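Me: I am new to this one and would like to understand the words people use for it. Could you look at it with me and explain how each label is earned?

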Amino acid sequence: MPAEHAAPAAESAPSASPHVDEQQSRAVAEAAREQEWRRPSFAKGLYLGQFDLSLIHPHPRPTPERVERGEQFLADLEAFLRTIDAPAIEREARIPDEVFQGLADLGCFGMKIPVEYGGLGLGQYYYNHALKLIGSVNAGMVALLSAHQSVGVPEPLVLAGTEEQKRRFLPRCTTGAISAFLLTEPEVGSDPARLRATAVPSDDGSEYVLDGTKLWTTNGVVAELLVVMARVPRSDEDRADGHRGGISAFVVEADSPGITVHRRNAFMGLRGLENGLTTLREVRVPAENLIGREGEGLKIALTTLNAGRLAIPAICAGAGKWSLKIAREWSKARVQWGRPVGEHAAMAHKISFIAATTFALDAVVDLSGVLADEDRKDIRIEAALAKMWASEMGWRIGDELVQIRGGRGFETAASLAARGERAVPAEQMLRDLRINRIFEGSTEIMRLLIAREAVDAHLKAAGDLIDPEQDLAGKLRAAVSASGFYAKWLPQLVAGKGDLPTSYDEFGALAPHLRYVERTSRKLARETFYGMARWQGGLERKQGFLARIVDIGAELFAVAASCVRAAMIAEDTPERGKAAYQLADTFAEQSRHRTERLLDELWRNTDVADERLAERVLDDRYTWLEQGVLDISEGTGPWITEEVPDAAENVSRRVIRPAGEEA
């Protein structure tokens, strides 16, 4: 967890150097995050013991204009999707050009782009619904559209671009100029301080010259436009050009001289994904293509991800819906031991988990989507929680579906079809879902990012007090400040609405669950405070403790969203109200069991023993345990290489014809 008070100047890691120490890495990460909370945040309140249900209840709804536009688009989209040969994409590991073109003709590449720039202006809510629908046909297609709009050129420009940049690039993006986001490098994953790509300003300031190697460039093989993250060297103080330097974001034409896509990468899932290894060699980019200011690249990227991360929860919610349908139909048709398998308790428990969790996934996705569209709340924690929690729950749902299907769950859809059975791609879905726990921030990194935001109020109040670098005078000043904050905050954690048996009675049978969320929110805040008091500055290294704190908050958020969603459904469609309450009630019960286990494990766990054992493993003390097997990967290459051989050919290609060009 990056510490707010340990940071030197933003992004001051040595340029183009792989040798970056821990403090510098934290400084870069800290400088990139939003420092202020200017709007209310429901999820932030959960970690502070402040359960303010009024921030999400009554459940916000999309505007009538967006509903009309969104529902018509979804109908047109569904009609198009029914024409796609999804098994062919899996078989050939490629999305056909005519599918790319069909998506472009529908406006899919401009779903979130504002209408004034030629887009559909659907907003996050209907964008999420479209991703659910597309993902149920092929996950590679939804990854294509998500990478283009959630982190590609459109979102950064909408948030931080100049008006001239928006008018120059957004209409192209809408009509099918596919975009890609280039941040990751062979040596750079979750630690951007190690970024080696450079952007050197020309002497006259008219352009930047970019050099570097970018790995896992989703859409990079077929992209027309790129967002490239590169480090601008800082100018000497006595130079007149005054370049601020730091990691910066640029819009780059993908066919610029010096750009080469060396290969299309292959993965365990997402077989239609156009993901490449790309090098930039003396690529000249006009200065007007800089997004924001120099040194703001990571901040822009993180701001983009506040809403951009919601694409993955939408994908997982769609997977849950499909899994529920398959589990229900199969468990009624398959008979073993004289009864349909769904009537056996072992399978019933799995079906219940899939149904209840899918309801919660829908609740989290829709609530977060509308909050993003309203733009009245700070949803950075909500979006991060949704991404982390949904990717974990989606994977569990996929795994349970394969188990329910048994041997047929492990068999490919093509094999099932070849012997005359229904071609259910359960194993494909599981392979496709696995990346969501890594995409756009792995679960482990998401927990650290959320934990940093969750304790922000504490760091503001007492950060200098627990900072080992602070001198005595600084600590004394911090003690005075902290005492004022905690004297007011701690008494609020003693009692609350969750202790009153009549609180939230308007929710009927779900009221006990909301009372539990309120009580547990206060308990969570107390446990966090105890952790800070016990470990002080060492808390940032207690990653097991922090992960459980974050996971508890995620469960509370999901329960609250589910209860609010059930109440909305009961109001809007009374005939579904009872069913919605049943789903929310069961989910809340399941979630409570997980939460209680996490609370217990905050203080009773094997973290110390695990870390000690891992240290010994890395010290090669147990290599004898590895004997008796062969490692066929030995001798095939280094673990990581920065060396990229000259490509025999540039494998980039265009899949959508320019606007106005005849087919």
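Me: What does Asn 306 touch, not counting residues up to four places away in sequence?

Reply: Asn 306 touches Glu 34, Ile 379, Arg 380 and Ala 383. Bear in mind that this is a predicted model, and that contact here means heavy atoms within 4.5 Å.

Me: Where is Asn 306 found, and why is it called buried?

Reply: Asn 306 is found in helix H10. Its relative accessible area is 16%, and buried means under 20%, so the label fits Asn 306.

Me: H10 came up just now. What does H10 give to the lining of the second largest pocket?

Reply: H10 gives the most to that lining, with 4 residues. The pocket has a volume of about 600 Å³. It is lined by 24 residues, and the closest to its centre are Glu 155, Leu 159, Ala 307, Ala 372 and Asp 375. Helices H6 (123-135), H8 (154-160), H10 (297-308) and H12 (345-374) are the elements that give two or more residues to the lining.

Me: How do the residues of this lining divide into nonpolar, polar and charged?

Reply: There are 8 nonpolar, 6 polar and 10 charged residues in the lining of the second largest pocket. Asp and Glu count as charged, so Glu 155 and Asp 375 belong to that group.

Me: What makes an empty space a cavity and not a pocket?

Reply: In a cavity a 1.4 Å probe fits but cannot get out, whereas a pocket is open. Searching the whole structure gives 5 cavities of 30 Å³ or more. The volume of the largest cavity is about 70 Å³. Among the residues lining the largest cavity are Gly 220, Val 221, Ile 259, Thr 278 and Arg 654. Its lining consists of 6 nonpolar, 4 polar and 1 charged residues.

Me: Which residues have the most contacts inside the largest nonpolar core?

Reply: They are Leu 385 and Trp 389, in a core of 124 residues. Helix H21 (residues 543-572) supplies the largest share of this core, 17 residues. Apart from it lies another core, of 25 residues, including Val 28, Met 229, Ala 249 and Ile 291.

Me: What is Leu 385 in contact with, leaving aside its neighbours within four places in sequence?

Reply: Leu 385 is in contact with Ala 43, Tyr 47, Ala 390, Ile 450, Val 550, Gly 553, Ala 554 and Phe 557.

Me: Why is H21 called largely enclosed by the rest of the structure?

Reply: The label is given because 25 of the 30 residues of H21 are buried. H21 reaches 43 Å from its first C-alpha to its last, close to the 44 Å expected at 1.5 Å a residue.

Me: What makes H17 largely enclosed?

Reply: In H17, 9 of the 12 residues are buried, so H17 is largely enclosed by the rest of the structure. Among the buried ones are Met 446, Leu 448, Ile 450 and Ala 451. H17 (residues 443-454) reaches 16 Å, close to the 16 Å expected.

Me: Is Met 429 buried or exposed, and how do you know that?

Reply: Met 429 has a relative accessible area of 11%. The cut-off for buried is under 20%, so Met 429 is buried. Met 429 is found in helix H16 (residues 426-434). Leaving aside neighbours within four places in sequence, its contacts are Ala 319, Trp 322, Ser 323, Gly 398 and Leu 401. The C-alpha atoms of Met 429 and Ala 319 are separated by 7.6 Å, with the two residues 110 apart along the chain.

Me: Why is Asn 219 called buried and Glu 282 exposed?

Reply: Asn 219 has a relative accessible area of 1%, and buried means under 20%, so Asn 219 is buried. Glu 282 has 59%, and exposed means over 50%, so Glu 282 is exposed. Asn 219 is found in the loop between strand S3 (207-218) and strand S4 (225-232), while Glu 282 is in strand S7 (residues 275-286). Neither is a glycine, yet phi is positive in Asn 219, at about 75°, and in Glu 282, at about 50°.

Me: What is the peptide bond from His 57 to Pro 58 called, cis or trans?

Reply: This bond is cis, with omega near 0°. Pro 58 lies in the loop between helix H2 (42-47) and helix H3 (64-81).

Key
Residues numbered from 1 in each chain as written. Predicted model: local features only at pLDDT ≥ 70, side-chain atom pairs only at ≥ 80, totals over all residues. Heavy atoms only, no water. Expected span 1.5 Å × (residues − 1). Buried < 20%, exposed > 50% of the residue type's maximum accessible area, 1.4 Å probe, protein only. 1 Å grid on protein atoms, 1.4 Å probe; cavity = no way out; pocket = protein on both sides within 12 Å on 5 of 7 lines; lining within 4 Å. Points joined across faces, edges and corners; volume = space filled by probe spheres on them. Core = buried A, V, L, I, M, F, W, Y, C linked by side-chain atoms within 4.5 Å.
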